[in-house]
Number of protein chains: 2
Amino acid sequence: MKYTNQTRFLVAVDCIVFGFDGTEYKLLLIQRGFAPEKEKWSLMGGFLLPEESMGDAAARILKQLTGLQDIYLEEMQAFSKPDRDPMERVIAMAYVALIDIKKYQQQINDDFHARWFPMKELPKLIFDHQEMVDTALNKLRYKAAFHPILFELLPEKFTLPQLQTMYEGLYNTKFDKRNFTRKVLSTKLLKKEKEKEKLSSKKGAFYYSLDQEQYKQTILTIQNFIPLTDITDTKD
Amino acid sequence: MKYTNQTRFLVAVDCIVFGFDGTEYKLLLIQRGFAPEKEKWSLMGGFLLPEESMGDAAARILKQLTGLQDIYLEEMQAFSKPDRDPMERVIAMAYVALIDIKKYQQQINDDFHARWFPMKELPKLIFDHQEMVDTALNKLRYKAAFHPILFELLPEKFTLPQLQTMYEGLYNTKFDKRNFTRKVLSTKLLKKEKEKEKLSSKKGAFYYSLDQEQYKQTILTIQNFIPLTDITDTKD
DNA sequence: TATTATTAGTGTAAAAAATACAATTAATTT
DNA sequence: AAATTAATTGTATTTTTTACACTAATAATA
């Protein structure tokens, strides 16, 4: 038994991969391998297969086209305007990934010529991919304001100046060092390491790492309208 | 020209309609009109048509099955496990709506026997609809903690006790009246009206209404890691 | 080896926001 | 007139946020 008289659609997944290299944000793009728009710059995309969920498809496509695996991938938004692909109607689900460029540089497979573009020097993208990127960046900014999500973008060990640069880059602004440090450390999410990073300064900056236990707890915490004393009552 | 050798899928939209009646949260459900699971309780769902976006489909389906229109509908999450519908694979996009039950009661068309169920007395739902509802409720709780989104759930004029009840209902807790009032008013989102609501108390409670101008500005405001003084610099 | 240059790291006072806590007010019902 | 019910309001304390500038550590250079 099947549903009759219903239209079936192509369903695709597009992966928006943001990366941070310690200084600026970049976007990972490839040159599309098939018509239409063959050879044009594109997000990592592909069609959904019959036996996989969309999340599985996103991971598969990213792996196939770049070699990247085991990275943070999150469903972002559907793009479903009937004419977004000139060839044929395709429903696209956009997924967003955040990675530390240096950490994953080796994983990236050169076969597909995936390339990092600084956010301010993006080439023209196919279809509505630029809209996808803009939407993703806005959502990332919004989310990072409440959520310690940006820690995911850093290597296991990172310095406070690096973290600050990352936040400043996302919002195109400068923060006060002392206040930023205090705020970040007050989350209790970071553990200070004994070694220093010596490449980017003469003095060297101490490494910190993410306290995974704390992180898992904190990521669920909610604020603002709910006094903290009430939150513990909420689990019923 | 079409994409060849690709599988096409049924795409559906399911609408999760939460309502608040001044006292408790309810969920709007209908009895499914076709096989499989005919007559079982279900979210308002239907298949995507060839010429509409998914957002359009959600609005159309909600209107067709309940009569409700012009309400706040937000894309929530895709549900795409290959076997979620036993008849045939269907990719479902869940949309969430929040409405004031009393305000829209008349709009609801009786033809489809849509019924409000208190959140604690939901019937067994078809397929993965219960999972959709649970996910939506969690996201709503999370979002409402930062976002004045719950104001959307109230009629044009509402009282502070009503608003407080709504927040308390969402988190199953009690807030201090004085602190809640102060916090809500500090958002500057509310305008005090001259009339009182007299049904639920002898003294009567003053009506408030949403200051639409302020609301549009505030809804974009972000906090926590970004000092407020920096936010204005962000627009580039 | 002394000097210079560069970035990391740190404290405090003032202002703002969050919290805990209970008496008074307005209106209706008896 | 008294009793009942729910709305409304303030203050003192604690916590958090903000603004602001000098010292420390190291490498490069004179």
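Which side chain has an N or O atom 2.9 Å from a base nitrogen of DNA strand D? In this model, which I should say at the outset is a predicted one, the residue is A:N179.

Two residues of chain B make comparable approaches to the bases, and I will take them in turn. A polar side-chain atom of B:R182 is placed 2.7 Å from a base oxygen of DNA strand D, and for B:K177 the distance from a polar side-chain atom to a base oxygen of that strand is 3.1 Å.

Stepping back to the whole surface, there are 23 residues around DNA strand D, and those that come nearest are A:R178, A:R182, A:K202, B:R182 and B:F206. By class, 13 of the residues on this surface are charged, while 5 are polar and 5 are nonpolar. On the DNA side, sugar or phosphate accounts for 43% of the strand D atoms within 4 Å of the protein, and the rest belong to bases.

As for where these residues sit, at least two come from each of α5 (177–186) of chain A and, in chain B, α5 (177–186), β10 (205–210) and α7 (228–231); the largest share, 4 residues, is that of α5(A).

Let me finish with β10(B), which also belongs to an open, antiparallel sheet of 3 strands in chain B, ordered β8-β10-β9. The edges of that sheet are β8 (157–159) and β9 (190–197), each of which pairs on one side only, and the twist from one strand to the next averages 45 degrees. Helix α4 (residues 160–171) of chain B packs on this sheet, touching β8, β9 and β10, with its direction at about 75 degrees to that of β8(B).

How values were computed. Residues are numbered from 1 along each chain as its sequence is written. Chains are lettered from A and ligands numbered from 1 in the order in which they are written. This is a predicted model: local features need pLDDT of at least 70, side-chain atom pairs count only at pLDDT 80 or more; totals for chains, interfaces and linings use all residues. Side-chain values use heavy atoms; hydrogens and water are left out. A residue is near a molecule or strand if one of its heavy atoms lies within 4 Å of it. A polar contact is a pair of N or O atoms within 3.5 Å; within protein, one must be able to donate a hydrogen and the other to accept it, and residues adjacent in sequence count only if both atoms are side-chain atoms. Ala, Val, Leu, Ile, Met, Phe, Trp, Tyr, Cys and Pro count as nonpolar, Asp, Glu, Lys and Arg as charged, and the others, Gly among them, as polar. Two strands pair if DSSP finds at least two bridges between them. Axes are lines fitted to C-alpha atoms, for helices over the stretch in contact, and angles run from 0 to 180 degrees between N-to-C directions. Contact means heavy atoms within 4.5 Å.
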